[in-house]
Amino acid sequence: MRIGLVDVDGHNFPNLPLMKLSAWHKQKGDTVMWYKPLLHCFPNKPLDRVYMSKVFSFTPDFPYYINAKEVIKGGSGYCIRLEDGKEVYDTEKDSLLPPEIETVYPDYEIYYYKIPEVKNTAYGFLTRGCPGDCEFCHVGCKEGKKSYKVANLDTFWRGQKNIVLLDPNITACKDWEELFQQLINSKAWVDFSQGLDIRLMTEEKTEMLKQMKIKQVHFAWDRYQDKEYAIPKFKMFANLTGWDYRKMAVYILCNFDTTFGQDLERVYTLRDMGYNPYVMLYNKDSIPRGHRLRHLQRWVNNRVIFRSCKRFEEYKTMQKEEIEWK
């Protein structure tokens, strides 16, 4: 079979399902290639099958005709729709990879010329699912409201210098200690790309994290109402590690169910505890240009400006564009 692949998002990050599909088909003796309209459209012979994968709902779909006998679309980006400004995940549109493909070692080589760092990096999931059940997150309905182990590290890592974990909530998994030890033993640089749940951090987990090679650890404080649980955990982690904002970042979700005052409070609180906050805007396209939330994001996420300009009010006076305070 002649197999085509389309990474619809096209961002500077490899698509794991496509790498697994490529590996599986190559094992079967199929020919796998990136689908290119100029090379594969009519009058060329149609490909036998083309896989299209999209992670983000805001990414426009592939605009070109697919010249193939069969086209298969998959990924969260095809399952999310907006209803009254809120994202809804349609499980009926979801299409999971079969177990024999899900567990195959990814074909990293397909991204070597597109994303050079892939040559030294392994990407994958050790766990799936999350018990958090946050309204803005789709993991629960997609993967289940429980964190569970799905693989050992050697399923997708074979000595690469860097490891990027896509796990939604590894700290909630009952096998966290076994998996943390695998990461320690790898002696590779570990990136928990989706962040760790600060609410579930303990002294034992913190001590094992300190044994890993980590350039920067990510947490999240998305729910303002978690304040009384999150702040003591943030303080504990900072005290035990001795790390500062250069190594500790925290995602902050705004434009969902918080006031602007609560957004600022989280930013200031995290900075005062030694963390580097990073603002994420929910349904960003609905926020008009010049709105204060967009300015908040620009101020916080630019480390140079954020460290030199201590208060948002000071940053506001620096802007030529009028800020909408609605």
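Select F58 to begin: this residue is placed in the loop between β3 (49-53) and β4 (71-74). The model on display is a predicted one. F58 is exposed, and its relative accessible area is 54%. Add V55 and F56 to the selection, since these two residues and F58 make a nonpolar surface patch of about 290 Å².

**From the loop to strand β4**

Remain in this part of the chain and select D61 together with K73. The two residues form a salt bridge, in which the closest N and O atoms are 3.0 Å apart. D61 belongs to the loop between β3 and β4, whereas K73 belongs to strand β4, so the pair ties together parts that are 12 residues apart in sequence. How accessible is D61? D61 is partly exposed, its relative accessible area being 31%. K73 also counts as partly exposed, at 42% relative accessibility.

Next, select R81 and E83. Their side chains meet in a salt bridge with an N to O distance of 2.8 Å. R81 has 38% relative accessibility and counts as partly exposed. E83 is partly exposed as well, with a relative accessible area of 37%.

**The three-stranded sheet**

Now show residues 121-124, 162-165 and 189-192 as a cartoon. The first range is strand β7, the second is strand β10, and the third is strand β11. In which order do the three strands lie in their open sheet? The order is β7-β10-β11, and the pairing is parallel. β7 and β11 are the edge strands, each of them pairing on one side only. On average, neighbouring strands of this sheet are turned by 15° against each other, direction ignored.

Select strand β10 and display its side chains. N162 and V164 point one way, I163 and L165 point the other way, and all of them are buried. On one side, β10 pairs with β7 in the parallel sense over four bridges. To see a position along this pairing, select T121, which stands opposite N162 in β10.

β10 is also paired with β11, again in the parallel sense and over four bridges. Select W189 in β11, as it stands opposite N162. Then select V164, whose bridge partner in β11 is D191. To follow the connection, trace the chain from β10 through helix α5 (residues 176-186) to β11; this β-α-β crossover is right-handed.

**A second parallel pair**

Move along the chain and select residues 217-220 and 248-254. These are strands β12 and β13, which pair in the parallel sense over four bridges. Which residue of β13 is the bridge partner of H218? The partner is A249. Add helix α7 (residues 227-241) to the view: β12, α7 and β13 make a right-handed β-α-β unit.

**Inside helix α8**

Select helix α8, residues 260-272, and highlight D263 and R266. Both residues lie in this helix, three residues apart, about one turn of the helix. In an α-helix there are 3.6 residues a turn, so residues three or four places apart point the same way. D263 and R266 form a salt bridge, with the closest N and O atoms 2.6 Å apart. Are these partners buried or exposed? D263 is buried, with a relative accessible area of 1%. R266 counts as buried too, at 0% relative accessibility.

A further selection shows how salt bridges can share partners: K20, E102, R128 and E143 are joined in this way into one network. The structure as a whole holds 19 salt bridges.

**Helix α9**

For the last stop, select residues 292-301, which form helix α9. How many of its 10 residues are buried? Eight of them are buried, and the helix is mostly covered. The buried residues are R292, L293, R294, H295, L296, Q297, W299 and V300.

Notes
Residues numbered from 1 in each chain as written. Predicted model: local features only at pLDDT ≥ 70, side-chain atom pairs only at ≥ 80, totals over all residues. Heavy atoms only, no water. Patch = residues over 30% accessible without salt bridge, like charges linked within 9 Å, V, L, I, M, F, W, Y side chains within 5 Å. Areas by Shrake-Rupley, 256 points an atom, 1.4 Å probe, with all protein chains shown as cover. Salt bridge = Lys/Arg side-chain N within 4 Å of Asp/Glu carboxyl O. Helix = DSSP H or I, 4+ residues; strand = E, 2+ residues; numbered from the N terminus. Buried < 20%, exposed > 50% of the residue type's maximum accessible area, 1.4 Å probe, protein only. Pairing = 2+ DSSP bridges. Right-handed = clockwise from strand over helix to strand, strands pointing away. Axes fitted to C-alpha atoms, helices over the stretch in contact; angles between N-to-C directions.
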